[in-house]
Amino acid sequence: MNLKKKLSIYTAIAVFQAFAIGSVNAQSVSQSNTASVNTAKVETVEVLKEEQPLAEREVKTGNASINAPSAEAKKTENSTGTEATPTADVKKPAIDGGETTTDEASTKPAIQAGTTEDVETQVTPAQVEQPSIGGDSTAGSGGNLTLFMNSNKMEQDGKTYLAGQPMTVKNGVSYVAIRALVDRVGYGVKYDNQTKETVIISGDHELRFKTNSKVYTVNGESRTMKGPAYQQKSTFMVPLTSITQALNITYKVNQSAKTVVLNLNTKPVASFTISQKEIFAGDLVDYMTSYSSPNGLKIVDERWTGRQESFDQAGTYTISYQVQDSNGQWSDPYSITLEVLEPNLPPVAMFTTDKEQYKMGEKITYIDKSTDDENNIVKVVWENDSLAFFEPGPKTVTLTVTDNHGAANTYSKVITITNETLYAFSDFNVLFTPVGQKFVFNGGEVTSMEKVPYTYTDEPSLLIRSNSPETVNTEGIVYKESSLGQTRFMIHHVNNTGKRVKMYVIATNNNPYAAVFEQQNMGFAGPTPFATVAGKLSIDKWFKSIQTGADIKKEYFQPGESKLILTELSALPMKEGQVISLYSDAFTDYRLDYNVILVEENKDPMAVWSTLPVLDRDGVHNRGTYPNATRIITYDQEIGSKPARLPLGDNTSDPNLVGTDPMAFTEASNAGNFGVLYKITLKNVAPRTLISFNPRGGKYSGVALVNGQVVQISTGKSVTAPNEQSVMYRTGSTGESVTILFSAAPGSNLPVNLLFTPLPAEK
């Protein structure tokens with residue numbers, strides 16, 4: 001035999017050994033040949049073996065590698081048998097590391113397989129797994145891979161393949177033929193002759209296994225398997241979970257079907273969004289892409305179909321996006337159908353006035369005539385649109401309108417103010433400032449006004465005011481109390497714990513009888529960083545709830561039972577610095593015990609409340625339980641024919657409620673009478689009387705019910721003491737009876753005055 005031919009045979013034998021993945025028992029290769037291969041220094045052989053269709057296998061069982069075998073090697077392959085025969089013996093199901101068991105209904109799924117000793121399969125080193133049906137096979141084609149227990153059968157994408165050896169249980173550990181698995185998953189595999197390791201490559205991940213060793217490495221990090229890798233008739237076998245865990249492959253066991261289904265999902269996933277809610281022809285389109293690989297592979301390429309930076313014409317467009325990973329796999333296309341609209345036409349700002357020139361102090365009427373092609377103007381901003389001017393000369397008034405697409409338009413008009421005077425500044429404000437808006441005046445005049453000599457009676461209603469510590473620094477019980485009958489809750493607190501927290505009210509029935517808690521109305525606001533906003537909104541919602549009765553609900557308590565009530569309070573967590581504010585009236589037929597608590601948002605309030613500390617007062621704000629929290633003020637005498645005021649919350653004309661702090665065991669005084677509901681009936685308000693609201697203790701922002709209508713104090717802005725007043729009501733040409741419901745808004749300042757001012761004659 002000549003040297004060239006001899007070297008060709010040695011090369012073929014080396015390739016055959018690589019196909020067998022380093023088998024030490026390869027029957028077709030002698031020890032002398034192995035030595036020759038080592039002498040030739042074939043250190044590493046890349047194996048790219050893929051399964052071939054059954055029809056092709058009947059003619060040719062060999063397959064190409066990077067280092068193609070010689071003609072003699074191919075001939076040797078074709079002469080070798082290929083069928084692997086599963087054993088008839090069956091072991092009990094097991095998963096790697098699991099115990100073999102005879103309990104078919106075990107809650108831990110198991111894989112059933114044949115023994116390793118009884119498999120009679122003649123396999124040459126070069127003969128590796130092959131498919132059992134026709135058609136080309138593409139390794140790593142994605143989808144699920146189904147392995148059959150006690151069988152070398154595998155199914156993927158509707159095709160059946162045969163592994164070199166059946167899935168096998170050995171010492172309670174489930175083994176699979178490594179070559180068959182990685183070919184179907186789509187990973188690279190090679191044998192390192194220097195380290196005697198079988199190497200699996202998936203993108204940046206590298207797994208290395210050694211025969212008869214429980215230790216394998218993942219990217220150089222050693223890990224321990226439940227059982228050692230081994231050779232089974234020229235096929236390298238490893239514990240199934242060593243592969244699935246290292247490469248994050250999930251699987252499900254179906255005991256009835258005796259299968260293990262691996263969820264490969266090797267394809268990358270691509271998606272994108274378009275930031276604009278609406279796209280108009282000619283607009284630049286903002287594409288925001290997102291992609292990932294189930295195997296953690298790098299995304300190396302992308303491609304679009306139908307993408308345009310802008311679309312010149314209105315219509316429907318389909319845009320698709322795909323990405324490619326470092327293994328060469330493309331994601332499925334992700335598509336969005338985009339409706340491109342006709343270009344948006346901006347609105348047209350326009351207004352008129354009832355006249356072109358006015359006297360000083362003469363009321364100006366502005367008539368907004370702005371238009372939009374979609375009739376969807378969402379923002380209107382006026383500049384210099386005073387109800388009257390008190391200096392002569394030209395005045396420019398501007399109107400800007402914005403549509404729902406953000407397009408805006410501005411219009412300005414010049415009006416002329418003459419040198420003549422119709423109304424003085426003070427008279428004009430009293431006559432024409434709209435209800436719910438404020439105006440400036442000389443607040444020093446208020447103290448000289450005559451006080452309305454009213455008296456009051458009380459309605460039985462127990463006020464539970466939880467407002468100290470207003471700023472809560474730690475978890476705990478901020479209030480404890482019990483009540484029977486009519487009860488009002490006022491809860492107002494700020495989170496200063498540095499954590500996200502929730503507040504709860506827990507009610508407990510310690511009676512031997514079943515009890516009913518009836519929530520009659522509810523006003524809750526927050527969380528918000530602004531105390532005045534929370535206070536105003538809670539009062540606003542409370543009055544509207546009184547009007548509609550929409551928040552009535554009942555809770556039934558068995559003896560000894562505890563439940564959460566007033567659950568609006570705990571609907572959302574409070575961030576650091578945020579405020580909540582609650583007003584609610586309720587009625588109980590038996591005495592219930594209440595705990596108002598603050599805990600971290602993820603804690604179960606029912607589990608922890610009994611262990612919480614009782615928090616101290618902050619020494620500034622008020623807490624307490626106060627009886628008779630509804631005051632009835634009825635005044636029969638004429639009011640409004642001369643300037644007068646009705647003070648509230650001043651602790652003189654309107655004394656503070658006196659009660660107790662049940663947690664500190666002390667008497668308490670309700671400074672400002674927050675939580676008190678005033679029902680004021682003025683039976684004889686003079687014709688042409690302005691009723692307005694003037695704070696005396698600082699800024700105030702709230703609402704009132706006037707003759708059944710919610711009136712803002714004031715719209716959009718606080719009213720500032722002492723030189724501002726907010727309009728609440730004006731009587732007409734005849735006397736009227738006026739009813740006002742008022743309660744001080746948390747976050748605002750007391751005392752306040754209701755002012756009654758005669759209106760000047762109109763000109």
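A salt bridge here is a side-chain nitrogen of Lys or Arg within 4 Å of a carboxyl oxygen of Asp or Glu. By that test, the structure holds 24 of them, and the pair Arg-208 and Glu-197 is one, at 2.7 Å from N to O. Bear in mind that this is a predicted model, where local features need pLDDT of at least 70, side-chain atom pairs count only at pLDDT 80 or more, and totals for chains, interfaces and linings use all residues. Residues are numbered from 1 along each chain as its sequence is written, and side-chain values use heavy atoms, with hydrogens and water left out.

**Salt bridges**

- Arg-208 sits in strand 10 (residues 205-209) and Glu-197 in strand 9 (residues 197-202), so their contact ties together parts that are 11 residues apart in sequence. Strands (E, at least two residues) and helices (H or I, at least four) are DSSP runs, numbered from the N terminus.
- Both ends of that pair are buried, meaning under 20% relative accessible area, where exposed is over 50% and partly exposed is in between (1.4 Å probe, protein chains only). Arg-208 comes in at 16% and Glu-197 at 12%.
- Lys-544 pairs with Asp-540, with 3.4 Å between the closest N and O atoms. The two are four residues apart in helix 8 (residues 531-548), which means about one helical turn separates them.
- As background, an α-helix has 3.6 residues a turn, so residues three or four places apart point the same way.
- Cover differs within this pair: Lys-544 is partly exposed at 40% relative accessible area, whereas Asp-540 is buried at 9%.
- Lys-563 and Glu-555 make another salt bridge, with the closest N and O atoms 3.5 Å apart. Lys-563 is partly exposed at 22%, and Glu-555 is partly exposed at 30%.
- There's a network too: salt bridges with shared partners join Asp-192, Glu-197, Glu-206 and Arg-208.

**A four-stranded sheet**

- Four strands form an open sheet in the order 24-28-27-26, with mixed pairing. Two strands count as paired if DSSP finds at least two bridges between them.
- The edges are strand 24 (357-360) and strand 26 (377-383); each has a single partner strand, so one side of each is left without a neighbour in the sheet.
- From one strand to the next, the twist averages 30°. Axes are lines fitted to C-alpha atoms, for helices over the stretch in contact, and angles run from 0 to 180 degrees between N-to-C directions.
- Strand 26 runs antiparallel to strand 27 (residues 393-403), and six bridges join them. If you want one to look at, Val-380 has Val-401 in strand 27 as its bridge partner.

**Helix 5**

- Helix 5 (residues 178-185) is mostly covered, with eight of its eight residues buried. Among them are the charged-type names Arg-179, Asp-183 and Arg-184, along with Ile-178 and Leu-181.
- Gly-186, just after helix 5, takes a positive phi of about 100°.

**A nonpolar surface patch**

- Leu-484, Tyr-513 and Tyr-590 make up a nonpolar patch on the surface, together offering about 300 Å² of accessible area. Areas come from the Shrake-Rupley method with a 1.4 Å probe, and for residues only the protein chains shown count as cover.
- Patch members need over 30% relative accessible area and no salt bridge; nonpolar side chains (Val, Leu, Ile, Met, Phe, Trp, Tyr) are joined within 5 Å, like charges within 9 Å.
- Tyr-590 lies in strand 39 (residues 579-600) and is partly exposed, at 32% relative accessible area.
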